[in-house]
Amino acid sequence: YFISISRAYGAVFVHSGASYYADNVFYGKVVDHVNADPAIFYRDSARQSAGYAMEHTHFTKGANALAFLEENFEMTADAEANYGLNFVDEQTLEGESAQKVQVNFGTGWAKTTNFTYDQAAGNYTAYQANRDWVDAETNEVLRFENLLVLYAEKCYAPGTNSGNVLHTLVGENTGYYISGGKVVPIKWTRTEEDAPFNYTLEDGSPLTVIPGKTYVGIVPPQSPINFE
C-alpha cells in the first residue's frame with residue numbers, strides 16, 4: 001500500500017527490499033522507485049553489532065537521497081498536478097478537544113502511537129514503543145502540524161493470506177483531521193490508483209490544512225482512536 005500512496009502523489013518510491021507481490025507491481029512500471037541503491041544506502045554497523053535484524057540496519061539520508069533522485073529522475077511536478085490538498089496559512093478548527101491523541105492500529109494488542117499537543121509550539125510530538133519520536137542524529141523530537149488518521153479496509157495480497165498486507169485505498173471511507181489541539185471527522189475519496197486522495201468535512205465542504213509536517217496513519221475501521 002506504500003506503492004499505492006506513492007502513485008497518489010506522483011512520487012519516487014525509495015525502499016530497501018520488497019515482497020514478491022510488490023516486486024510484481026514494480027515490474028509493471030506503474031511507479032518510479034529506487035530499491036536499496038548502494039549510491040545512497042548504507043549499513044549501520046553499530047546496529048548490526050547490537051543484534052538488530054538485517055532489515056533494521058539499512059538506512060539512507062534525506063539529503064543524499066534527494067540529490068540522487070534529482071540526478072536520475074524528473075523531479076518537477078506538472079503545473080496542472082492535483083494532490084488533493086487545500087492549504088490555508090492559519091485556521092481554528094471548530095472541533096472537539098485533541099490535546100492528546102492515541103492512534104490504535106487495530107484492536108487488542110495492536111501497536112499504538114500517542115501524540116501530545118504542544119500549545120506553545122503549535123504542533124504535536126509523538127510517543128511510541130516507550131520512547132519519544134526523535135531525529136536519530138540530532139536527538140530533537142519530531143513535530144507535526146497536522147495529523148490525518150484514515151480508516152481503510154485491511155486485506156491481503158492476491159494469492160496470500162498473511163504477510164503481504166494491503167489496504168483498500170481506492171473508493172471512500174472516513175477518518176479524522178487533527179490540528180491546533182482540535183479534531184474534526186472527515187471523509188476521504190479516491191477514484192483510482194493514480195489519483196490523489198481528496199478530503200472533505202462531514203458536510204462535504206473541502207478540508208483545509210495548514211502548511212507544515214503532516215503525519216498520516218492508515219488504520220482498520222475497527223481501530224479505536226482516543227482523544228482528550
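Look for Val101 in this predicted model: Val101 stands opposite Phe227, a residue of strand 19. The two belong to a pairing in which strand 7 (residues 100–104) and strand 19 run antiparallel, joined by 3 bridges. If you now let your eye travel outward from this pair, you will find an open sheet of 5 strands, paired antiparallel in the order 10-9-8-7-19. Which strands form the edges? They are strand 10 and strand 19, since each of these pairs on one side only. As you follow the strands, keep a general rule in mind: in a regular strand, side chains alternate between the two faces of the sheet.

Let us walk along to the other side of the sheet. Strand 8 (residues 112–118) pairs with strand 9 (residues 123–128) in the antiparallel sense, over 5 bridges. One spot to find here is Phe115, whose bridge partner in strand 9 is Ala126. Strands 8 and 9 form a hairpin with 4 residues between the strands, and in this hairpin Gly122 takes a positive phi near 75°. The next step takes you from strand 9 to strand 10 (residues 131–132), an antiparallel pair joined by 2 bridges. Here Tyr127 stands opposite Asp132 in strand 10. This second hairpin has 2 residues between its strands, and Ala129 takes a positive phi near 55°.

Beyond strand 10, the chain enters a loop that leads to strand 11 (146–151), and Ala136 is found in that loop. Is Ala136 buried or exposed? With 79% relative accessibility, Ala136 counts as exposed, because the cut-off for exposed is over 50%. Ala136 also lets you compare sequence with space: Ala136 and His167 are 31 residues apart in sequence, and their C-alpha atoms are 29 Å apart.

Ser223 offers a contrasting case. You will find Ser223 in the loop between strand 18 (214–219) and strand 19 (225–227). Its relative accessible area is 2%, so Ser223 is buried, a term that requires a value under 20%. What does Ser223 touch? Leaving aside residues up to four places away in sequence, Ser223 touches Asn104, Phe105, Gly106 and Tyr151. The side chain of Ser223 also has a polar atom 3.3 Å from the backbone oxygen of Asn104. Another backbone oxygen, that of Pro220, lies 2.9 Å from a polar atom of the Ser223 side chain.

Now turn to the helices, beginning with helix 2 (residues 20–27), where Ala22, Val25 and Phe26 are buried. Why do these three sit on the same side of helix 2? They cover an arc of only 100° around the axis, and that puts them on the same side. Turned away from this buried side is a face that carries the exposed residues Tyr20, Asn24 and Tyr27. The cover over the buried residues of helix 2 includes helix 1 (2–8), strand 1 and strand 2. Just after helix 2, Lys29 takes a positive phi of about 55°.

Helix 4 (residues 62–72) can be read in a similar manner. Its residues Ala65, Phe68 and Leu69 are buried. They cover an arc of only 100° around the axis, which means that they lie on the same side of helix 4. The exposed residues Ala63, Glu70 and Glu71 are on the face turned away from the buried side. What covers the buried residues of helix 4? The cover includes strand 1 (13–15), strand 2 (33–35) and strand 4 (58–60).

Methods
Residues are numbered from 1 along each chain as its sequence is written. This is a predicted model: local features need pLDDT of at least 70, side-chain atom pairs count only at pLDDT 80 or more; totals for chains, interfaces and linings use all residues. Side-chain values use heavy atoms; hydrogens and water are left out. Buried means under 20% relative accessible area, exposed over 50%, partly exposed in between (1.4 Å probe, protein chains only). The arc is that of the directions from the helix axis to the C-beta atoms. Contact means heavy atoms within 4.5 Å. A polar contact is a pair of N or O atoms within 3.5 Å; within protein, one must be able to donate a hydrogen and the other to accept it, and residues adjacent in sequence count only if both atoms are side-chain atoms. Two strands pair if DSSP finds at least two bridges between them.
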